[in-house]
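The following exercises concern a strand arrangement and a ligand site. Each task is followed by a solution in steps.

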Amino acid sequence: MPAAYDPNNIFAKILRGELPCHKVYEDERVLAFLDIMPRAPGHTLVIPKTPARNIFDISPDDYAHVARVAQKIATAAMKAFQADGITVAQFNERAGGQVVFHLHMHVMPRRDSVELLPPGTRQEDVKVLEDNATKLIAALG
Ligand code: AMP
């Protein structure tokens, strides 16, 4: 049985405006922002506003909306980052690779023959994150 939702996780703090983020998209049900330790340029996270730990406690409807927005971001990221493909990933519980316990979908732009960096490799420069957020917002229209 997975643990209960912890309202002090880092993404809950971002949602409450207690921590900053490089926002690229928001609607009434989700927020999307750049990963600060990107595994590829333009690596974006899509999170529900509802307090869900992971796939096990989110409603199918909220999960579907996160996926819908991840698809929208993926399409825009192909253009914004001249990508050759996109990897979408969503990890559940520690054994499933989850580190932050508020559900999130990773949208990672890929280039032919370029491997993803390992998770947590390095914190990206703020200027690069700002530039990438601007490009993605423009591609989202
Ligand atoms: P996961 O393994 O799916 O739980 O991944 C958590 C992700 O959150 C990692 O890719 C981290 O680089 C990313 N991350 C952690 N803290 C922040 C933050 N403050 N802002 C943006 N991304 C973050």
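A polar contact is a pair of N or O atoms within 3.5 Å; within protein, one must be able to donate a hydrogen and the other to accept it, and residues adjacent in sequence count only if both atoms are side-chain atoms. The model is predicted: local features need pLDDT of at least 70, side-chain atom pairs count only at pLDDT 80 or more, and totals for chains, interfaces and linings use all residues. Residues are numbered from 1 along each chain as its sequence is written, and side-chain values use heavy atoms, with hydrogens and water left out.

**Exercise 1.** Identify the polar contacts of the ligand and state how much of its area the protein buries.

*Solution.*
Step 1. An oxygen atom of the ligand lies 2.9 Å from a polar backbone atom of Val-100.
Step 2. A polar side-chain atom of Asp-35 is 2.5 Å from an oxygen atom of the ligand, and a backbone N or O atom of Ile-36 is 3.4 Å from a ligand nitrogen atom.
Step 3. Taken alone, the ligand exposes 510 Å², of which the protein buries 88% (Shrake-Rupley accessible area, 1.4 Å probe; for residues, only the protein chains shown count as cover).
Step 4. Of the 16 residues around the ligand, those that come nearest are Asp-35, Gly-97, Val-99, His-104 and His-106 (near: a heavy atom within 4 Å).

**Exercise 2.** Determine the strand order of the sheet and its edges.

*Solution.*
Step 1. Strands (E, at least two residues) and helices (H or I, at least four) are DSSP runs numbered from the N terminus; two strands pair if DSSP finds at least two bridges between them.
Step 2. The open sheet has 5 strands in the order S1-S2-S3-S5-S4, paired antiparallel.
Step 3. S1 (23–26) and S4 (85–89) each have a single partner strand, so one side of each is left without a neighbour in the sheet.

**Exercise 3.** Describe the pairing and burial of S3.

*Solution.*
Step 1. S2 and S3 run antiparallel and are joined by 5 bridges; in S3, Leu-45 is the bridge partner of Phe-33.
Step 2. S3 (residues 44–48) is joined to S5 (residues 105–110) by 3 bridges, also antiparallel. In S5, His-106 is the bridge partner of Leu-45, and Met-105 that of Val-46.
Step 3. Thr-44, Val-46 and Pro-48 on one side of S3, and Leu-45 and Ile-47 on the other, are all buried (under 20% relative accessible area, 1.4 Å probe, protein chains only).
Step 4. Because 5 of the 5 residues of S3 are buried, this strand is largely enclosed by the rest of the structure.

Note on methods
Buried means under 20% relative accessible area, exposed over 50%, partly exposed in between (1.4 Å probe, protein chains only).
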